[in-house]
Amino acid sequence: MDCLFCKIIAGEIPANKVYEDDKVLAFYDINPQAPVHILVIPKIHISTLNDVNKENSEVIAHIFEVIPQIAEKMNLEKGYRVVSNCSLYGGQTVFHIHFHILGGKKFGVSFG
């Protein structure tokens with residue numbers, strides 16, 4: 001498989017890790033869009049949000065249990081944003097499901 005995030009999980013490509021357990025890896029985004037920009041990925045390959053099902057949804061639930069822990073570690077007590085893009089038209093560029101934690105500044109409301 002030629003998946004960038006699978007290669008990071010396997011240790012073939014380095015990443016600046018923030019959190020890791022047996023199911024999840026979190027690391028700094030190499031192209032940050034906010035003062036704090038962390039990617040959280042499952043260690044199993046799930047291509048898009050459309051591929052979440054009853055066999056793999058437990059790891060997605062675990063990600064949402066871990067995100068507040070990462071946010072606390074990153075001192076995001078004032079708030080943060082969690083974003084996931086789905087498929088090509090949704091802006092997904094790496095086809096391994098991932099969640100962006102964005103923080104360290106006040107965000108406006110914009111969906112354009």
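A nonpolar core is a set of buried Ala, Val, Leu, Ile, Met, Phe, Trp, Tyr and Cys residues joined through side-chain atoms within 4.5 Å; buried means under 20% relative accessible area, exposed over 50%, and partly exposed in between (1.4 Å probe, protein chains only). The model is predicted, with local features requiring pLDDT of at least 70 and side-chain atom pairs pLDDT 80 or more, whereas totals for chains, interfaces and linings use all residues. Residues are numbered from 1 along each chain as its sequence is written, and side-chain values use heavy atoms, without hydrogens and water.

Select first Ile38, Val40, Ile60, Ile63, Ile70, Met74 and Ile101: these have the most contacts inside the largest nonpolar core, which has 19 residues. Next, colour β2 (24–28), β3 (36–42), α2 (57–73) and β5 (99–103), each of which supplies at least two residues of this core. Helices (H or I, at least four residues) and strands (E, at least two) are DSSP runs, numbered from the N terminus. The largest share of the core, seven residues, comes from α2.

Now centre on Ile101. Contact means heavy atoms within 4.5 Å; leaving aside residues up to four places away in sequence, Ile101 touches Val36, His37, Ile38, Val40, Ile67, Ile70, Leu76, Tyr80 and Arg81. Another core, of eight residues, lies apart from the largest one and includes Phe5, Phe27, Leu39 and Val94.

Finally, select the cysteines. The structure holds zero disulfides, a disulfide being a pair of cysteine sulfur atoms within 2.5 Å. For Cys6, the nearest cysteine sulfur is that of Cys3, 3.7 Å away; Cys6 is partly exposed, at 22% relative accessible area. The sulfur of Cys86 is too far for a bond, because the closest cysteine sulfur, in Cys3, is 15 Å away. Cys86 is also partly exposed, at 21% relative accessibility.
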